[in-house]
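Got your viewer open? Let's take a walk through it, one selection at a time.

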Amino acid sequence: MSISLDFGSREIRSLVRSGVGGRLRLTAVRSEYFLIPDATAARRMLRDEGLPHAVCASGLAVFGNGVERAEWLSRGPTIPLFIDGRIPTHDSLARQILSILTESVLPEPAVRGATCVVSVPGAGLPKNLQESNEDFLGHLVQLRGYQPVFLPCAEAVMLAAGAATGFSGVCIAAGAESTACCVARQGRVMAASGIPLAGRWLDSELAREFGEWIWDESGERHANAAALERWRLGLRRSESEATPDKHPALARLISLIIRRLAAAIRESLRVAAVHWDTIPVMLAGGLSLMPGFAAALLAELSRDGCQYSLQTVADPDTAVVRGGLIYGELASRSAA
């Protein structure tokens with residue numbers, strides 16, 4: 001059995017291959033939860049629908065794949081399990097949910113202590129916070145019976161999509177809470193960096209700017225980032241043109257992310273001290289699907305006078321977990 005696990009800030013994904021040449025099985029659960037008042041009718045509905053939930057001091061916590069199916073029950077926003085890409089240090093409920101979801105996406109290991117390649121959030125965070133993420137999430141993987149081996153998200157993208165470039169170039173994983181990048185040459189990572197900006201920051205800023213608010217049961221106001229995410233992801237559909245007033249703000253915020261990302265990439269290229277006539281760039285993650293994002297990034301990078309060739313990788317949402325599986329299988333062959 002080969003297995004990889006991507007603790008994404010929007011979804012937790014596992015990819016399993018049973019046996020040599022076996023079929024792949026992808027499992028994904030939302031890494032968010034929401035709270036609703038505890039009521040008999042709500043408990044009955046959640047139980048009858050088979051939606052994962054827990055009773056807590058604040059009411060009923062609905063989590064994982066129950067979030068999307070039962071979101072209409074909540075007046076408040078969904079709560080990320082990784083806020084700003086960090087493990088929930090002060091949220092014991094979120095930590096318990098993370099434990100449950102980790103168990104749900106990891107099958108019993110064929111052999112106790114089998115390797116699980118793990119990617120964690122936190123690009124752009126200080127090193128001590130990244131290590132805290134690894135410590136906590138690695139412990140959850142160990143409790144399931146695996147030995148975690150950590151693989152940075154951008155390096156996983158390189159393994160998943162770098163065959164055409166000889167596993168060389170700039171690799172980017174633009175996720176929900178942060179954006180990671182690295183520079184690799186023939187499969188060896190020469191430099192890595194990241195920025196704490198990505199899709200969720202973009203949606204929250206848009207919601208605040210346009211006064212898109214929701215109020216929870218206690219009357220507290222929250223930015224309705226979910227509504228702006230739906231609008232942003234629907235930009236390819238004609239109905240999105242009904243709100244052209246938002247487009248300048250969206251372009252400005254995306255430009256801010258791209259300028260920060262381009263600066264991180266240029267610094268990584270300087271540190272790596274590698275030179276290509278044309279610099280390959282592989283782009284993955286949810287933000288890569290944003291219309292115009294890849295073109296705007298290419299334009300910003302090209303301002304330094306270098307020649308870049310940018311491609312959005314196939315199935316960009318799963319590139320990290322696919323790269324993790326490749327890493328694990330290559331490591332097992334080397335050890336054999």
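Start by selecting Arg95, Leu98, Ser99 and Thr102 in α3, then add Phe136, Leu137, Leu140 and Val141 in α4: these residues meet, where contact means heavy atoms within 4.5 Å. By class, this group divides into 5 nonpolar, 2 polar and 1 charged (Ala, Val, Leu, Ile, Met, Phe, Trp, Tyr, Cys and Pro count as nonpolar, Asp, Glu, Lys and Arg as charged, and the others, Gly among them, as polar).

A quick word on what you're looking at: this is a predicted model, where local features need pLDDT of at least 70, side-chain atom pairs count only at pLDDT 80 or more, and totals for chains, interfaces and linings use all residues. Residues are numbered from 1 along each chain as its sequence is written, and side-chain values use heavy atoms, with hydrogens and water left out.

Now show the whole of α3 (residues 92–105) and α4 (residues 127–143). Helices (H or I, at least four residues) and strands (E, at least two) are DSSP runs, numbered from the N terminus. How do α3 and α4 pack? Their angle is about 45°, with the axes 9 Å apart; axes are lines fitted to C-alpha atoms, for helices over the stretch in contact, and angles run from 0 to 180 degrees between N-to-C directions. That makes α3 and α4 oblique to each other (under 35 degrees counts as roughly parallel, over 145 as roughly antiparallel, 65 to 115 as roughly perpendicular and the rest as oblique).

Next stop: select α6 (residues 199–209) and α7 (residues 225–233), whose axes come within 8 Å and cross at roughly 110°. So α6 and α7 are roughly perpendicular to each other. Click through the contact, which includes Leu202 and Leu206 of α6 and Leu228 and Trp231 of α7. It has 6 nonpolar, 2 polar and 3 charged residues.

Jump on to α8 (residues 247–272) and α9 (residues 293–301): here the axes come within 9 Å and cross at roughly 50°. This pair is therefore oblique. Among the residues in contact are Ile254 and Ile258 of α8 and Phe293 and Leu297 of α9. The contact of α8 with α9 counts 10 nonpolar, no polar and 3 charged residues.

Last, select Leu35, Gly76, Pro77, Ile79 and Asp216. Of the 15 residues lining the second largest pocket, these lie nearest its centre. Which strand gives the most to this lining? β4 (residues 32–36) does, with 3 residues. The lining has 7 nonpolar, 5 polar and 3 charged residues.

Technical notes: On a 1 Å grid over the protein atoms alone, a cavity is a set of points where a 1.4 Å probe fits but cannot get out, and a pocket is an open set with protein on both sides within 12 Å along at least five of seven lines; lining residues have an atom within 4 Å of a point.
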